[in-house]
Amino acid sequence: QVQLVESGGGLVQPGGSLRLSCVISGGTFSAYDMGWFRQAPGKEREGVSCISSSDGSTYYADSVKGRFTISRDSAKNTVYLQMNSLKPEDTALYFCAAAGRVRATVQTMCVRGDYDYWGQGTQVTVSS
């Protein structure tokens, strides 16, 4: 029913930028808290950045704060992740996620990964 499709991943050199996009279909976009997560080989899934559907509040992992920016465009049913000053340690499979209901604060939900719908992921590789 609800589907998320990510795009925008690719190969980039350290210091470069990428903009990830996630389009949601089959639901009411404005009703969902949205988030970006990533998982690198041998590591646990990490909540990178999330945004609330109610007041637009955001959360950023310490590892990306100041470099990444999450935003949403309700008219396009799309959430974005602008990634600047990319580092090799940013290399991971990036997932978009949507929450069917609000369980807690955006920070808590993002850290816990309390989201209901997940995309297939888009690969980001930062070469050195």
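Colleague: Let's start with the overall layout. In which order do helices and strands follow one another along the sequence?

Modeller: Read from start to end, the chain runs β-β-β-β-β-β-β-β-β-α-β-β. That amounts to one helix and 11 strands. Please keep in mind that this is a predicted model.

Colleague: How should I read the overall dimensions? What radius of gyration does the chain have?

Modeller: A good habit is to set the value beside what a compact globule would give. For 128 residues that would be near 14 Å, and the chain has 13 Å, which agrees. The C-alpha trace spans about 40 × 25 × 25 Å along its principal axes.

Colleague: And what share of the residues is buried?

Modeller: Here 43% of the 128 residues count as buried. The chain exposes about 6400 Å², and carbon and sulfur atoms supply 44% of that area.

Colleague: Now the interior. Which residues have the most contacts inside the largest nonpolar core?

Modeller: First, the general idea: in soluble globular proteins, nonpolar side chains tend to be buried together. In this model the largest nonpolar core has 38 residues, and Met34, Trp36, Leu81, Met83 and Tyr94 have the most contacts inside it. Strand β9, residues 92-99, gives the most to this core, with six residues.

Colleague: Let me pick Tyr94 from that group. What is Tyr94 in contact with, leaving aside its neighbours within four places in sequence?

Modeller: Its partners come from many parts of the sequence, so try selecting them in the viewer. Among them are Glu6, Leu20, Trp36, Val48, Phe68, Leu81, Met83, Gly121 and Val124. For the chain as a whole, residues 24 or more positions apart account for 59% of the contacts with a separation of 6 or more.

Colleague: Next, the cysteines. How many disulfides does the structure hold?

Modeller: There are two. Counting bonded cysteines along the chain, the pattern is 1-3, 2-4.

Colleague: Which parts does the link of Cys22 and Cys96 tie together?

Modeller: To read a disulfide, look at the sulfur distance, the twist and the elements it joins. The sulfur atoms of Cys22 and Cys96 are 2.0 Å apart, and the link is left-handed, with -85° about the S-S bond. Cys22 lies in strand β3 (residues 18-25) and Cys96 in strand β9, so the pair ties together parts that are 74 residues apart in sequence. Cys22 is buried, with a relative accessible area of 0%, and Cys96 is buried with a value of 0% too.

Colleague: What about the link of Cys50 and Cys110: is it left-handed or right-handed?

Modeller: That link is right-handed, with 75° about the S-S bond. The sulfur atoms of Cys50 and Cys110 are 2.0 Å apart. Cys50 lies in strand β5 (residues 46-51) and Cys110 in helix α1 (residues 106-112), so this pair ties together parts that are 60 residues apart in sequence. Both Cys50 and Cys110 are buried.

Colleague: One last feature, strand β11. Which of its side chains are buried?

Modeller: Follow the side chains along the strand and check which face each one takes. In β11, residues 122-126, Thr122, Val124 and Val126 point to one face and are buried, while Gln123 and Thr125 point to the other and are not.

Colleague: And which strands pair with β11?

Modeller: Strand β2 (residues 10-12) pairs with β11 in the parallel sense over three bridges, and β9 pairs with β11 in the antiparallel sense, over three bridges. Val124 is a handy landmark: Gly10 stands opposite Val124, and so does Ala92.

Note on methods. Residues numbered from 1 in each chain as written. Predicted model: local features only at pLDDT ≥ 70, side-chain atom pairs only at ≥ 80, totals over all residues. Heavy atoms only, no water. Core = buried A, V, L, I, M, F, W, Y, C linked by side-chain atoms within 4.5 Å. Buried < 20%, exposed > 50% of the residue type's maximum accessible area, 1.4 Å probe, protein only. Helix = DSSP H or I, 4+ residues; strand = E, 2+ residues; numbered from the N terminus. Contact = heavy atoms within 4.5 Å. Disulfide = S-S within 2.5 Å. Pairing = 2+ DSSP bridges. Rg over C-alpha atoms; globule rule 2.2 N^0.38 Å. Areas by Shrake-Rupley, 256 points an atom, 1.4 Å probe, with all protein chains shown as cover.
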